[in-house]
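Got your viewer open? Load the model and follow along, one selection at a time.

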Amino acid sequence: MLFYIFLAIISYLLYTVVNNIISLRRNIALVKCWGLPYVVLPFNEVGVARSALVELILLPFLKLFPFTHKWIWPKFMNAFNHWTFLRTHLGSLGDFYATVSPSSFHFESMNAEINTQVANRRAEFEKPVEIYTIVNVFGRNALTSDGPDWRRQRKIISPGFTERNNARVWELGLKQGQSMLEYWASKGGSSIEELKVENTASDTATLALHIICGAGFGIPQIWPHEDESILGDKKMAGLNTKRPAEGHKLTFKEALVYTTGLQIAWFSVFPEWVLQKSPFKIHQKLIAARDDCLFYLKELIEQKRNYRRLGFEQDATDLIAPLVKASDDAERSKAEGKGVSQDEGLSEEEITGNTFVIMFAGHETTANVLHFSFLFLAINLASQRHLQSDIDEKIGDRPASSWSYQVDMRNLFNSMVGGVLHETIRLIPPVPHIPKINRGGPKQVKVDGRTISIPGNGTFVHLENSTLHRSRRYYPYGPSKITDCDDDLDDFVPERWLQKDPKSGEGETTEQQVDGMEVASFEVHGSLFRPVKGAYMPFSEGPRACPGRRFAEVEVTAVLSLVFKQYSVELDVSAWASDEQVEEMTLQQKRDVYGEAQKRAWALIRGSQMTFTLKMEGDPVPVRFVKRGKERFSDLRL
Ligand code: HEM
């Protein structure tokens with residue numbers, strides 16, 4: 001009997017191996033005939049369970065054996081291999097290629113021409129919504145939908161992203177930036193002259209959350225050192241107070257932070273009823289946070305609805321007013337028997353879902369950009385000085401209360417401030433790859449004057465930003481000043497954005513819509529370098545481009561300008577030398593110690609990982625913000 005079982009198993013294994021070899025050979029022949037460079041993988045890694053198996057077991061296991069380090073295919077099994085290996089694939093394969101396994105293809109592009117075609121042919125290259133279901137915790141939304149469902153939702157959320165709202169973001173960015181500085185000054189060991197900040201990431205996250213709450217939802221938020229009385233008649237129990245609303249464990253902010261954290265992933269591991277019954281604290285806390293968050297979101301939406309009914313139009317400048325209006329209008333049409341087209345209205349669940357997704361998509365991304373900008377500027381002191389001199393030139397001695405959105409935002413954005421913003425996003429795009437899927441047959445795209453086919457039948461198409469943004473083909477570069485590389489595309493060089501190349505880019509932006517969105521005043525007659533279409537994709541492009549792009553750009557410009565008008569940032573070197581020792585140091589000793597801190601900071605930045613966005617996990621990089629003129633390392637000329 002045992003013999004027959006053994007025989008059956010061997011026959012099955014043999015059959016599988018032979019079958020896989022035949023399928024693999026067929027797929028390789030296809031990919032050759034489509035004209036694609038390719039890499040062969042032994043199996044396909046799509047799917048949560050398979051990816052986990054590959055990432056957590058197979059790849060670490062292979063690493064134990066040095067002879068596997070030369071193998072090519074394991075490098076391509078890592079889901080974020082473009083961030084892990086940066087430009088390696090550009091050198092070996094060119095700027096597009098396919099991976100082939102016995103059962104599937106993947107297509108990867110770092111080519112601007114292909115990116116533009118893929119991003120703009122929405123019906124052919126769909127969004128693989130199945131990998132986003134985790135973001136449906138509060139209801140379906142624009143980010144996780146496709147087809148007519150997505151179009152209806154996008155049409156409703158887009159009108160909120162206006163120049164009026166951008167102006168509000170500007171105002172709040174300046175205010176919140178100042179509050180963050182005051183918060184740092186209020187902490188033990190700091191003074192208004194010198195702010196010691198252990199982990200800027202957590203505070204830029206708070207700042208971004210406050211701005212999206214204020215400008216997006218009309219709920220002002222306060223920092224721990226601020227008193228609730230400054231909220232005046234905008235104080236709302238639990239929504240912006242330090243204590244939760246009656247009957248709830250968490251405040252809105254606490255519940256949001258928890259539900260936008262990694263633990264939300266539990267919802268994709270177990271069905272909700274299992275989590276509800278789970279004896280584990282982490283699951284109970286997650287469910288409680290989700291319930292509290294849902295309660296606050298509903299309360300907020302109800303409040304918007306009441307305001308509208310009372311005719312308070314000023315609230316129409318935020319991002320959820322249009323959602324409530326659309327659903328109210330659709331309800332009214334229905335009640336009046338007029339019938340509602342499929343292009344109108346949102347269900348209650350979609351209103352909470354979209355409200356949450358605006359918060360989710362709009363807060364961590366921008367927080368990361370600010371966090372990395374601070375670190376890069378602390379590493380590159382020469383660029384920081386250049387940034388400050390540009391801010392001084394544009395602003396003069398005027399206090400922040402007089403900085404205007406219409407004039408100052410445009411001037412600052414088109415200076416080193418915009419350079420720092422773009423360079424940070426180029427190096428660490430919060431969304432390092434944009435996934436699409438080709439569910440139909442092979443699709444033809446043009447590249448460099450020829451036509452190639454992108455495989456179909458459920459092929460994932462990834463637009464790989466972290467490699468694309470380092471391509472010599474699309475970005476101006478010079479020799480690296482910090483490594484022996486003959487280009488500086490892995491370095492932080494914000495000045496590259498100041499050299500406008502008349503041959504490249506789409507030329508000057510006109511007042512017409514871009515990607516279906518209103519053009520912001522600061523983009524018109526912009527003077528920064530504009531990469532060719534499809535070469536700079538942090539916000540994606542085409543109909544599904546990020547609607548919050550200008551929101552984020554205004555926020556980062558306001559906060560960077562406000563902070564660097566008053567302060568300089570330096571790496572904290574106290575791990576290597578005390579303040580007293582630094583004071584006694586020669587120039588060379590200072591340079592050495594700062595060099596150590598720079599090396600550590602680069603290593604930690606390079607260790608950033610993809611959770612929902614690309615960000616630093618683990619040890620932070622401590623920094624000090626010092627009043628301008630009080631820098632300890634300004635004489636280093638770094
Ligand atoms: C630096 C900051 C940001 C970056 C890099 C960024 C990037 C992106 C990208 C790449 C997408 C497309 C994702 C895909 O199709 O797979 C996206 C979509 C989206 N973003 Fe942003 N985003 C940022 C800030 C914001 C802000 C501030 C908001 C809101 C206030 C926002 C709201 C959204 C929404 C609602 C979508 C879904 C749009 C749709 O699917 O139609 N984002 N974002």
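Keep in mind as you click around that this is a predicted model.

**Stop 1: a helix to check with a ruler.** Select residues 348-379, which make up helix α15. Put a distance between the C-alpha atoms at its two ends: they are 47 Å apart. Why does that agree with what we'd expect? Because at 1.5 Å a residue, the 32 residues of α15 should span 46 Å. Now show what surrounds the helix: α15 is mostly covered, with 30 of its 32 residues buried.

**Stop 2: the ligand.** Next, select the ligand and the residues around it. You should find 25 of them, and the closest are Gly362, Thr365, Cys546, Gly548 and Ala552. Which elements give two or more residues to this shell? They are α9 (200-217), α15 and α20. The helix from your first stop gives the largest share: seven residues of the shell come from α15. Try colouring the shell by class, and you'll get 16 nonpolar, six polar and three charged residues.

**Stop 3: one cysteine.** Now pick Cys546, one of the closest residues to the ligand. Cys546 sits in the loop between α19 (465-468) and α20 (549-566). The unreviewed UniProt entry has a "binding site" annotation that covers Cys546. Is Cys546 buried or exposed? It has 21 C-beta neighbours inside 10 Å, so it counts as buried; the cut-off is 20 or more. To finish, add Phe539 and Ser540 to your selection: setting aside neighbours within four places in sequence, these are the residues in contact with Cys546.

Conventions. Residues are numbered from 1 along each chain as its sequence is written. This is a predicted model: local features need pLDDT of at least 70, side-chain atom pairs count only at pLDDT 80 or more; totals for chains, interfaces and linings use all residues. Helices (H or I, at least four residues) and strands (E, at least two) are DSSP runs, numbered from the N terminus. The expected span of a helix is 1.5 Å times one less than its number of residues. A residue is buried if 20 or more other C-beta atoms lie within 10 Å of its own, exposed if 12 or fewer, and partly exposed in between; C-beta atoms are placed from the backbone. UniProt positions are given in the numbering used here, feature names are shortened, and annotations may be inferred rather than shown by experiment. Two residues are in contact if their C-beta atoms, placed from the backbone, lie within 7 Å. A residue is near a molecule or strand if its C-beta atom, placed from the backbone, lies within 6 Å of it. Ala, Val, Leu, Ile, Met, Phe, Trp, Tyr, Cys and Pro count as nonpolar, Asp, Glu, Lys and Arg as charged, and the others, Gly among them, as polar.
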